[in-house]
Amino acid sequence: MSGISDPTRTSFEPGALVEGLLPLCVPQLGGREWDYLKECLDSTFVSSVGPFVDRFEHEVAATVGSKFAVATASGTAALHIALLVSGVEPNDEVLMPAITFVAPANAIRYAGAWPVFIDVEPAYWQLDATKVAAFLETECVRRNGRLENKTTGRRVRALLPVHVLGHPCDIDPLMELAARYDLVVVEDATESLGARYRGRSPGSFGLTGCFSFNGNKIITSGGGGMLVTDDPAVARRAKYLTTQAKDDPVEYIHEEIGFNYRLTNVQAALGCAQLELLPGFVAAKRRIAAIYRDGLAGLPGVAFMREAPWAESSFWLSTITVDEARFGMDSRALMRRLQREGIQTRPLWHPLHRLRPFKSAQAFQIEHADQLCRDCLSLPSSTGLSAADAQRVASVIVNAGRGAL
Ligand SMILES: *Cc1c(COP(=O)(O)O)cnc(C)c1O
């Protein structure tokens, strides 16, 4: 199926390459993937036990700078388990940004808790710490030793910042707020492996950090995720819950409801090979971002995503904003124009409180989320994208702007 014949289809299935189409983001498998997969098959360790699972856990922990890592079947599973090990209980509330992929909001619901959506700031499109502070200050009250949302009467238990599009959010003020209000921090770092916040890896600040190795992420294991933590008890409990909460491996005694959330050795083999390529992938993404930034500089109505002074972004998806009044067409018209040229792009996610499953959830001081959803467009960002192709994308955008005037 062609992604360009259907103008409503904006998502991209990794691997479903269409001849002549420049895809949004596809994996690059140029390392030792075949060797490691062959090792897996030759050893018959293909399932959820095997040396590559342990190795992938150790190597991701080392890359992130965390003491422990627990592999999971997906990034969403890692988030679900992270919330459970953080003590998030049914009917609790978890604060998170209004603009991100839906997975963390779903994970909060899996835990029986409710998201509260806080606006993102306009400069870097990340969770706005000032608004989190305002919410905690004005909307919450300490009652019976717990922090309660005055509107809903629910306990506010955790903070779930997301490092959106590979750009680290400003985590220091969020950590300070969490300490002041006794909130547990679960970092969604699924899009930001390889990025840096003041020299440190996203995912290493909270009690737990979560990563994804889905096909369109910076490295892939086919599918998979990882929970990292410095706390040995949290790591032990995460491993226990992801492996069906087995208390006696001989008699199969289970004291709790567990989950089958383990990564397989085959997936971990792929992940290990990909992780060796991470530094090159980050460099490639940053090169692509620089080409777009230079190629679009000075173009009226188009702005390339910025990088904060605290941040070294992985530029997971290079993204622009399109101001219809100044550019002459809106982001969706530009998307269709690029599609006709065989270039796949994608708008940003819809603000989560606008989605049906989350309409009853609280949304706080939303001022920028809707505009970002309207104006943002993510450009082809595969690590294998050539400089010439990136330049072509930029010049199609420049010409689209000229043509529209
Ligand atoms: C991809 C992603 C996830 C989920 O990862 P899966 O491995 O696809 O389950 C979670 N949060 C964000 C922000 C993501 O982009």
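## A walk from the ligand outwards

Begin by selecting helix 3 (75–85) and helix 4 (103–110): each of them supplies at least two residues of the shell around the ligand. Keep in mind on this tour that you are looking at a predicted model.

**Stop 1: the ligand and its shell**

Now show the ligand together with its surroundings. Which residues are the closest? The shell counts 16 residues, and the closest are Thr-76, Asp-188, Glu-191, Ser-212 and Lys-217. Helix 3 gives the largest share of this shell, with 3 residues. If you colour the shell by class, you should find 5 nonpolar, 8 polar and 3 charged residues.

Next, pick out some individual contacts. Select Thr-76 first: an N or O atom in the side chain of Thr-76 is 2.5 Å from an oxygen atom of the ligand. Then click on Glu-191, where a polar side-chain atom lies 2.5 Å from a ligand oxygen. Move on to Thr-190, whose side chain has an N or O atom 3.1 Å from a nitrogen atom of the ligand. How much of the ligand is buried by the protein? On its own the ligand exposes 380 Å², and the protein buries 92% of that.

**Stop 2: along helix 3**

Stay with helix 3 and colour its residues by accessibility. This helix is mostly covered, with 9 of its 11 residues buried. Among the buried ones you can select Gly-75, His-80, Leu-83 and Val-85.

Look at both ends too. At the N-terminal end, Ser-74 acts as a cap: a side-chain oxygen of Ser-74 lies 3.3 Å from the backbone nitrogen of Thr-76. Just after the helix, select Gly-87, which takes a positive phi of about 85°.

**Stop 3: over to helix 4**

In helix 4, select Asn-106. Is Asn-106 buried or partly exposed? Asn-106 has a relative accessible area of 24%, so it counts as partly exposed. Try the distance tool here: from the C-alpha atom of Asn-106 to that of Phe-259 you should read 16 Å, for two residues 153 apart along the chain.

While you are in this region, click on Arg-109 and Trp-114. Arg-109 lies over the face of Trp-114, 3.7 Å from the ring centre.

**Stop 4: aromatic rings**

Now show the side chains of Phe, Tyr and Trp. How many aromatic pairs does the whole structure hold? A search finds 10. One of these to zoom in on is Phe-117 with Phe-358, an edge-to-face pair with ring centres 5.9 Å apart and 85° between the planes. Phe-117 belongs to strand 3 (residues 114–118), while Phe-358 is in the loop between strand 14 (346–347) and strand 15 (362–364), so this pair ties together parts that are 241 residues apart in sequence. Phe-117 is buried, at 0% relative accessible area, and Phe-358 is buried as well, at 1%.

For another pair, select Tyr-124 and Trp-310. Their ring centres are 5.3 Å apart and their planes meet at 75°, so this pair is edge-to-face. Tyr-124 is in the loop between strand 3 and helix 5 (129–139), and Trp-310 is in the loop between strand 11 (302–304) and strand 12 (311–312); the pair therefore ties together parts 186 residues apart in sequence. Both of these residues are buried.

Add Tyr-197 and Phe-205 to your selection, and you will see one aromatic cluster formed by these two with Tyr-124 and Trp-310. Then bring in Arg-200, which lies over the face of Phe-205 at 4.0 Å from the ring centre.

**Stop 5: Glu-93 and its partners**

Go to strand 2 (residues 93–97) and select Glu-93. With a relative accessible area of 1%, Glu-93 is buried. What does its side chain contact? One polar contact, at 2.9 Å, is with the side chain of Thr-152. The side chain of Glu-93 also makes a polar contact with that of Arg-154, at 3.1 Å.

**Last stop: helix 13**

Finish in helix 13 (residues 387–404), where you can select Asp-389. Asp-389 is partly exposed, with a relative accessible area of 26%. For one more use of the distance tool, go from Asp-389 to Pro-279: they are 110 residues apart in sequence, and their C-alpha atoms are 22 Å apart in space.

How values were computed: Residues numbered from 1 in each chain as written. Predicted model: local features only at pLDDT ≥ 70, side-chain atom pairs only at ≥ 80, totals over all residues. Heavy atoms only, no water. Near = heavy atom within 4 Å. Polar contact = N/O pair within 3.5 Å; in protein donor to acceptor, adjacent residues only side chain to side chain. Areas by Shrake-Rupley, 256 points an atom, 1.4 Å probe, with all protein chains shown as cover. Helix = DSSP H or I, 4+ residues; strand = E, 2+ residues; numbered from the N terminus. Nonpolar A, V, L, I, M, F, W, Y, C, P; charged D, E, K, R; others polar. Phe/Tyr/Trp six-rings, centres within 6.5 Å; stacked < 30°, edge-to-face > 60°. Buried < 20%, exposed > 50% of the residue type's maximum accessible area, 1.4 Å probe, protein only. Lys NZ or Arg CZ within 6 Å of the ring centre and 35° of its normal.
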